[in-house]
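Q: Please take a close look at one part of this model and describe how the pieces around that part fit together. I would like a connected account rather than a list.

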Amino acid sequence: MVWFSYHGGHSGEFCAHATSTLEEVVDTAIERGFTHYGLSEHCPRYRAQDLYPGEEKLGIAGLAAAFEAYVARALDLRDARAGEIELFVGFETETLPPEGWLQAMMTLRDAYPFDYIVGSVHDICGRWVDFSPTDTAALTADLGGSEALQIAYFDAVTNMVESLRPDIVAHLDLVRKYEPAGFSFSPRALRAIETTLEAIGTSGGVLDVNCAAFRNGYGPVYPLPQILERARAVGIRVTFGDDSHGAQTVGVGLDQSLAAIAAAGYETVAYLTRADGWREAALDTLRPRRG
Ligand SMILES: [Zn+2]
Ligand SMILES: [Zn+2]
């Protein structure tokens with residue numbers, strides 16, 4: 001039996017909008033039966049206007065220092081807990097600053113011995129798509145409507161995947177976070193999604209089936225069934241992301257990710273191992289390990 005997640009492990013120690021120490025997060029993952037667990041703290045931001053709420057006091061320099069401390073602590077824990085769990089140390093990207101993000105992300109990836117990276121887009125042209133309904137409504141109006149916002153978002157994800165080639169592509173349809181229950185993408189938006197899926201297939205990336213949407217009351221897990229079914233049809237592998245932001249949320253909702261993967265017709269889920277890289281686990285071999 002294997003049980004895993006590779007997008008998450010944010011901690012209040014190194015992330016202003018998370019809780020717990022990194023050690024508490026890791027020890028909770030062990031308690032909750034994870035065999036493999038990825039830590040993907042948010043990358044630093046490089047401009048004051050790109051700070052997340054709550055990071056103002058830290059500032060750009062403080063954020064860079066916190067990230068450096070995160071990597072050191074995560075690598076220490078990876079070794080210290082090696083007998084109990086396979087930990088993977090990575091980070092979650094941004095496409096920020098809008099000019100120069102790619103160089104910034106590649107430089108960061110090369111600066112430390114990361115096991116993997118999670119490719120995420122949270123903004124369009126420096127404006128958050130997932131911070132608040134009000135901000136997203138204003139961005140939607142400026143771009144000419146929801147469909148235009150969605151297409152701009154998927155184009156940004158495609159560009160990120162093609163240029164950065166991340167190991168995992170995060171919460172593919174984050175852009176629908178504030179859409180009402182029962183929402184589905186239009187044929188035009190789906191064409192942009194097809195292009196994104198092609199890019200993921202070409203890059204060899206693995207899709208994050210992320211239960212944060214469900215856990216936080218923003219509809220089904222990311223991505224929606226209509227995307228997951230297409231991803232399966234074109235042979236894109238999937239993995240789990242609990243998007244945990246503290247010990248409390250470690251693994252919470254992953255049963256929903258598993259159910260969505262099964263419903264889309266997948267027979268296996270991909271998991272990253274230290275010895276053999278990506279492997280595939282049959283759905284009936286996926287369960288938390290019990291003491
Ligand atoms: Zn976060
Ligand atoms: Zn994210």
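A: In this predicted model, a good place to begin is helix α5, which gives the largest share of the lining of the second largest pocket, namely 3 residues. That pocket has a volume of about 160 Å³, and its lining is made up of Thr95, Pro98, Trp101, Asp123, Ile124, Cys125, Ala156, Asn159 and Met160. Two elements, β5 and α5 (146-164), each give two or more residues to this lining. Sorted by class, the lining has 6 nonpolar, 2 polar and 1 charged residues.

From the strand β5 in this lining, the account can pass to a metal site. The zinc ion (ligand 2) is coordinated by Glu92 through OE and by His122 and His171 through NE2, at distances of 2.0 to 2.2 Å. Along the chain these donors follow the spacing E-x29-H-x48-H. Of the two histidines, His122 sits in the loop between β4 (116-119) and β5 (123-124), while His171 sits in the loop between β7 (168-169) and α6 (187-203), so the pair ties together parts of the chain that are 49 residues apart in sequence. Both are shielded from solvent by the criterion used here, which is a relative accessible area under 20%: His122 has 5% relative accessibility and therefore counts as buried, and His171, at 2%, counts as buried as well. The loop between β7 and α6 also holds Gly182, but at 79% relative accessibility Gly182 counts as exposed. The C-alpha atom of Gly182 is separated by 34 Å from that of Thr35, a residue 147 positions away along the chain.

The third donor, Glu92, leads into the sheet. Strand β3 (residues 86-92) runs parallel to β4 and is joined to β4 by 3 bridges, and Glu92 stands opposite Val118 in β4. Between these two strands the chain passes through helix α3 (residues 101-111), and β3, α3 and β4 together make a right-handed β-α-β unit. In a regular strand, side chains alternate between the two faces of the sheet. In β4, Tyr116 and Val118 point one way and Ile117 and Gly119 the other, with all of them buried. Strand β4 is also joined to β7 by 2 bridges, again in the parallel sense, and here Gly119 stands opposite Val169.

These pairings belong to a wider arrangement, an open sheet of 7 strands in the order β1-β2-β3-β4-β7-β8-β9, with parallel pairing. The edges are formed by β1 (4-5) and β9 (238-241), each of which pairs on one side only. At the β9 edge, strand β8 (residues 206-210) and β9 pair in the parallel sense over 4 bridges, and Asp208 in β8 stands opposite Thr239 in β9.

The loops that follow the two edge strands carry donors of the other metal. The zinc ion (ligand 1) is coordinated by the NE2 atoms of His17, His42 and His245, at 2.0 Å, and in sequence these donors are spaced H-x24-H-x202-H. His17 lies in the loop between β1 and α1 (22-31) and His245 in the loop between β9 and α9 (254-263), so this pair ties together parts that are 228 residues apart in sequence. Neither of these two histidines counts as buried: His17 is partly exposed, with a relative accessible area of 39%, and His245 is partly exposed, with a relative accessible area of 22%. The zinc ion (ligand 1) and the zinc ion (ligand 2) are 5.9 Å apart.

The donors of the zinc ion (ligand 1) also appear in the description of the largest pocket. About 620 Å³ of space lies in this pocket, and of the 23 residues that line it, the closest to its centre are His17, His42, Asp130, Lys177 and His245. The largest share of its lining, 3 residues, comes from helix α7 (residues 212-215). By class, this lining has 10 nonpolar, 7 polar and 6 charged residues.

Taken together, the path leads from the pocket lined partly by α5, through the zinc ion (ligand 2) held by Glu92, His122 and His171, across the open sheet of 7 strands, to the zinc ion (ligand 1) held by His17, His42 and His245.

Key
Residues are numbered from 1 along each chain as its sequence is written. Chains are lettered from A and ligands numbered from 1 in the order in which they are written. This is a predicted model: local features need pLDDT of at least 70, side-chain atom pairs count only at pLDDT 80 or more; totals for chains, interfaces and linings use all residues. Side-chain values use heavy atoms; hydrogens and water are left out. Donors are N, O and S atoms within 2.8 Å of the metal (3.2 Å for Na, K and Ca); water is not among the atoms, so sites may look incomplete. Buried means under 20% relative accessible area, exposed over 50%, partly exposed in between (1.4 Å probe, protein chains only). On a 1 Å grid over the protein atoms alone, a cavity is a set of points where a 1.4 Å probe fits but cannot get out, and a pocket is an open set with protein on both sides within 12 Å along at least five of seven lines; lining residues have an atom within 4 Å of a point. Grid points are joined across faces, edges and corners, and a volume is the space filled by probe spheres set on the points. Ala, Val, Leu, Ile, Met, Phe, Trp, Tyr, Cys and Pro count as nonpolar, Asp, Glu, Lys and Arg as charged, and the others, Gly among them, as polar. Two strands pair if DSSP finds at least two bridges between them. A crossover is right-handed if, with the strands pointing away from the viewer, the path from the first strand over the helix to the second runs clockwise.
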